[in-house]
Amino acid sequence: MTAAAGGSMGDNSMPMLEATPVVDDALKRSPFDIECISLVHLYHLPDSDVVALRGVDLDISAGELVALLGPSGTGKSTLLRVMAGLLRPSAGQVLVGGQDVARMDAAELRRYRAVDVGIVLQDPLANLLPYATVFENIYFAAEGARALEMAPPLSVNDLISLLGLTSCAERQVATLSGGEQQLAALATGAAAGGRLLLIDEPTSQLDPVERDRVSGALHDLHAGSGATVVMVTHDPHLAASVPRTVTIRDGRVGTEGRHGTQYAVVGRDGTIQLPPEILEVLPRDTLLRIVRHADGIELRLPVSEEGLLSEARTHEEGPK
Ligand code: ADP
Ligand code: MG
């Protein structure tokens, strides 16, 4: 297939649009909100089980752009795959647009993956057909939506223009730079007009110039598509460019950043993960008193075993 063959693709024919496209309101599908409730996932291995998610509680509003941060192996990719319906969690719920993805039957999952959710895997070539052009890759990515007779809100050319791929639309993706492949992969993720776009480490293999290009395009894609976007990243520049970050630590939500300030999060069951720098002075099994004041909450550490006993005695005797 070539660009000239675009005429057979309805409104996806060449020439390229140069103006920044905006989704036609009539076609626009409202973005999904997400609610993860006590989400647990175990990978079963022959000798042992790996607990990848240990009770994730996380709410994301419709249309939000959220970055998931955190060290390697803490469950970020697992969480994306669960949200995408590629992996059934061992326990808990993942409500996307109010529907529990963990309990969808095969037909519901097929439809969800065809038109509602787009996932962009970490290696851009894992999302692309290397010997097809950028145009063809984006076109093929919406095949499931067309089979269900659902018109993608953004045409192939809209996406090419939105992601700045006009000059390489007719090139095989195998011949593109890493950054261009990543942009093409992002376009395929959004091609079906999903209401939720899940992106795993979009800039991890790029140099600073390409990283900035992909980061800018990602914001354009979020604004232009109106979709809810959840992305995993290790990239501090990209993380700094989003209003909300969620740090996943040890299979749970650790902290949340809002406009650069970090906050601890009280989980559904009342637990709080303490940040690593605090855990250095509070080893496991440390006993703390939680004291409420008019202007805040204090975590009080008994100074010694004797201090602990005298505090307990004071408590038993009551105030004098
Ligand atoms: P992250 O994306 O944060 O690096 P992952 O979700 O990939 O973390 O992995 C979380 C944990 O689950 C890790 O301990 C990892 O080794 C393990 N894991 C991931 N995928 C599999 C798998 N397919 N089989 C077994 N263990 C896995
Ligand atoms: Mg990962």
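1. The bridge partner of Gly257 in β11 is Gln262. This pair belongs to the junction of β10 with strand β11 (residues 261-264), where 4 bridges join two antiparallel strands. Another pairing across this junction sets Glu256 opposite Tyr263 in β11. In the hairpin that connects β10 and β11, 2 residues lie between the strands, and His259 takes a positive phi near 50°. The model is a predicted one, and the points below should be read accordingly.

2. On its other pairing, β10 (residues 252-258) is joined by 5 bridges to strand β9 (residues 244-249), and these two strands also run antiparallel. Here Thr245 has Gly257 of β10 as its bridge partner. Gly257 is thus bridged to Thr245 as well as to Gln262 of β11. The hairpin of β9 and β10 again has 2 residues between the strands, with a positive phi near 55° at Asp250.

3. These strands are part of an open sheet of 7 strands, with mixed pairing and the order β6-β7-β8-β3-β9-β10-β11. The edges are formed by β6 (117-120) and β11, each of which has a single partner strand, so one side of each is left without a neighbour in the sheet. From one strand to the next, the twist averages 20°. Helix α6 (residues 178-190) packs on this sheet and touches β6 and β7 (196-200); the direction of α6 makes about 160° with that of β6.

4. Which residues surround ligand 1? The shell consists of Tyr43, Leu45, Val50, Ala52, Ser72, Gly73, Thr74, Gly75, Lys76, Ser77 and Thr78. By class, 4 of these residues are nonpolar, 6 are polar and 1 is charged. At least two residues of the shell come from each of β2 (49-60) and α1 (76-83). The element that gives the most is α1, with 3 residues.

5. Is α1 largely enclosed or largely open? Of its 8 residues, 6 are buried, so α1 is largely enclosed by the rest of the structure. The buried residues are Lys76, Thr78, Leu79, Leu80, Val82 and Met83. Two of these names, Lys76 and Thr78, also appear in the shell around ligand 1. Just after the helix, Gly85 takes a positive phi of about 75°.

6. Val51 merits separate comment. This residue lies in strand β2, a strand that also supplies residues to the shell around ligand 1. How many other C-beta atoms lie within 10 Å of Val51? There are 15, and Val51 is therefore partly exposed, a class that falls between the limits of 20 or more for buried and 12 or fewer for exposed. Leaving aside residues up to four places away in sequence, Val51 touches Leu42 and Gly251. The C-alpha atoms of Val51 and Asp250 are separated by 9.0 Å, although the two residues are 199 residues apart along the chain. Asp250 is the residue with positive phi in the hairpin of β9 and β10.

7. On confidence, the mean pLDDT of the protein is 86, and 86% of its residues reach 70 or more. Residues 1-19 call for caution: pLDDT stays under 50 over this stretch, for which the model has 24 contacts beyond four places in sequence.

Key:
Residues are numbered from 1 along each chain as its sequence is written. Chains are lettered from A and ligands numbered from 1 in the order in which they are written. This is a predicted model: local features need pLDDT of at least 70, side-chain atom pairs count only at pLDDT 80 or more; totals for chains, interfaces and linings use all residues. Two strands pair if DSSP finds at least two bridges between them. A residue is near a molecule or strand if its C-beta atom, placed from the backbone, lies within 6 Å of it. Ala, Val, Leu, Ile, Met, Phe, Trp, Tyr, Cys and Pro count as nonpolar, Asp, Glu, Lys and Arg as charged, and the others, Gly among them, as polar. pLDDT is the predictor's confidence in each residue, from 0 to 100. Two residues are in contact if their C-beta atoms, placed from the backbone, lie within 7 Å. Axes are lines fitted to C-alpha atoms, for helices over the stretch in contact, and angles run from 0 to 180 degrees between N-to-C directions.
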